[in-house]
Structure formats: C-alpha cells, structure tokens
Amino acid sequence: MRKKIVAANWKMNMTQAESARFVESLLVDLGDILDVEVVIIPPFTAIARVTESLGKAQNIKVGAQNMHWERNGAFTGEISSALLRDLFVRYVVLGHSERRSLFGETDEMVNLKVRAAHEAALRPIVCVGETLEQREKGKVEKVLSTQLRGSLADLGEKELLETVIAYEPVWAIGTGKVATAAQAQEAHAFIRGTLSKISDETTADKIRIQYGGSVKPDNARELMSQADIDGALVGGASLDPRSFAQIVKAAQKEE
Ligand code: PGA
C-alpha cells in the first residue's frame, strides 16, 4: 500500500512570522495524524522557522521548492542540496511548471537536479503536466512520457522508489479549474504505466503520484480516492492552515 502524501507548496508567500503561526495552527489540527505523510514547502527564507516551529512533531516534514544541481561554488542566487540538508530539509520540488515556463527549466536540467537530490538523500517531488493547448491537441500522453523519461533518466530502482511524481496539469494550476477525478485518474494511470516501462511493474506500483492543480477541501477526497492518486500538491489552498488541514484529513482512510 502506498502511503498518501499531501504537501503545501507556499510558492513565493509567507513571512517567518506567518509561517510560525501557520505551523502552530496546523499542529492543533494534525498533531497526531500518522497515516498520511504531510510536507510543508515554504520559501527558502522561512524553512528554518518552520522546522523550529514544528519542534518534535515527527509526522510533518519540510521541503524546498527548488535547488541547483551543483553542491556548492560560484552560483550567485542559487541554493544547493548541501545547503538544504543543513536546514534538515527532506523533500525538494523539482521541475514545477512555473520553473519550466517562467525560468526556462528543461527536462535535462530537472534530471540533473533530481540526480543531485538523490545523491544528497533528499527526496524529489518531480512535477509533470500538460498545457491546455497540448491537451486540446491530444498530446497529453506524449508530453507526460517525454517529461517523465527526460526528468527521471538514469535513476536506479532505489532512487525511483524514493521519488514522488506530481501530476499538475498546467491549466489547472491557480486557475480554480480542477481536473475531473476521471481526467486526473486517467493521467495518473498513464504515468504509472510509463513508470513501469522506465523500471518495472513492481517498482511502479510503489511510486507515489500526487495530483496538483486547484486542490481544495471540497474536491480533495474525490480526487484522492482514485486508484492511482496518492496525495496532493497544494498551492493556493495551502496558505490557510485550516483548509490545508482539511485536505490532509481528506487523504485519510475512511473509518
Ligand atoms: P494551486 O497550485 O493549488 O494553487 O493550483 C498547485 C501547485 O502549483 O503546486
């Protein structure tokens, strides 16, 4: 069984004080949740504060939104895996569509980052997803397959098992236009099929695939109850601790 993973991608939001207040509130709601893996992904500037605010809470982990593939050196403005490890970061989002479209990240660059993350024992959350134009032209499978094969090139089985995939249709990010549960499940099943070609079926069965794109408390349960949807990567709705907590609870098994 794949343990569900729900992550809060704060993007370029949240000061240190706001982050501390968020964690305080979240711990009240989720302090004892153990059957869902929860990850908070603040901007770099609030990572240390989030970790400090989490204190001894073992069930909530901290992630970063990006990193460079080199370990250190003359790369002004960049952050490396070693610097993230120094802040006790466990996960790192790589290849988010905003990085791809606004900052020119290619699958080759994402692959360098994914391999560097594994070398540092950070777990990458690798984002893939099609634009509206690509969907309308019937290219969803081609786009997903190219992004997956490019971003995950040269990974061994152990590394693949420690990689999380996030399917985020670009047209659903921040737009309020969520994919229907059926559309999302179809894409997730295709992604799992591609993963089994990249590795094998047993490995692909164990890899977690999150859905992202306008996930809200009122659509989260239906999405995450689909066979191949193993959690959510949440942007807008993760800025409010109450709504994020509701989404995490929607990932719990029904009693
Ligand atoms: P959204 O963002 O939930 O605001 O659509 C999701 C994401 O970009 O990870």
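Strands β6 and β7 (residues 208-212) pair in the parallel sense over four bridges; two strands count as paired if DSSP finds at least two bridges between them. Helices (H or I, at least four residues) and strands (E, at least two) are DSSP runs, numbered from the N terminus. Keep in mind that this is a predicted model, where local features need pLDDT of at least 70, side-chain atom pairs count only at pLDDT 80 or more, and totals for chains, interfaces and linings use all residues. Residues are numbered from 1 along each chain as its sequence is written, and side-chain values use heavy atoms, with hydrogens and water left out.

**Strand β6 and its partners**

- Across the pairing with β7, look for Ala166, which stands opposite Gln210.
- Strand β5 (residues 123-128) also runs parallel to β6, and four bridges join the two.
- One spot to find there is Val126, whose bridge partner in β6 is Ile165.
- Is β6 (residues 164-167) covered or uncovered on its faces? Both faces are covered: Val164 and Ala166 on one side are buried, and so are Ile165 and Tyr167 on the other.
- "Buried" here means under 20% relative accessible area, "exposed" means over 50%, and "partly exposed" is in between (1.4 Å probe, protein chains only).

**The ligand and its shell**

- How many residues surround the ligand? There are 13, and the closest are Lys11, His96, Glu168, Gly174 and Ser214; a residue counts as near if one of its heavy atoms lies within 4 Å of the molecule.
- That shell divides into four nonpolar, seven polar and two charged residues. In this scheme Ala, Val, Leu, Ile, Met, Phe, Trp, Tyr, Cys and Pro count as nonpolar, Asp, Glu, Lys and Arg as charged, and the others, Gly among them, as polar.
- A ligand oxygen sits 2.7 Å from a side-chain N or O atom of Lys11, and a ligand oxygen is also 2.7 Å from a side-chain N or O atom of His96.
- Gly174 joins in with its backbone: one of its polar backbone atoms is 2.7 Å from an oxygen atom of the ligand.
- Taken alone the ligand exposes 280 Å², and the protein buries 97% of that. These accessible areas come from the Shrake-Rupley method with a 1.4 Å probe; for residues, only the protein chains shown count as cover.

**Two buried residues**

- Asn59 is in the loop between α2 (44-54) and β3 (60-64), and it is buried, with a relative accessible area of 10%.
- The side chain of Asn59 reaches the backbone oxygen of Ile33 at 2.8 Å, and a polar atom of that side chain lies 3.0 Å from the backbone oxygen of Leu30.
- Not counting residues up to four places away in sequence, Asn59 touches Leu30, Gly31, Asp32, Ile33, Leu34 and Val38; contact means heavy atoms within 4.5 Å.
- Ser243 belongs to helix α12 (residues 241-250) and counts as buried at 13% relative accessibility.
- Leaving aside neighbours within four places in sequence, Ser243 is in contact with Pro217 and Ala237.

**Two loop residues with positive phi**

- Ala121 has a phi near 60 degrees, a positive value in a residue other than glycine.
- You'll find Ala121 in the loop between α5 (107-119) and β5, where it is exposed, with a relative accessible area of 54%.
- Asp154 has a phi near 65 degrees, again a positive value in a residue other than glycine.
- Its home is the loop between α7 (140-151) and α8 (157-161), and Asp154 counts as exposed at 67% relative accessibility.

Technical notes:
Polar contact = N/O pair within 3.5 Å; in protein donor to acceptor, adjacent residues only side chain to side chain.
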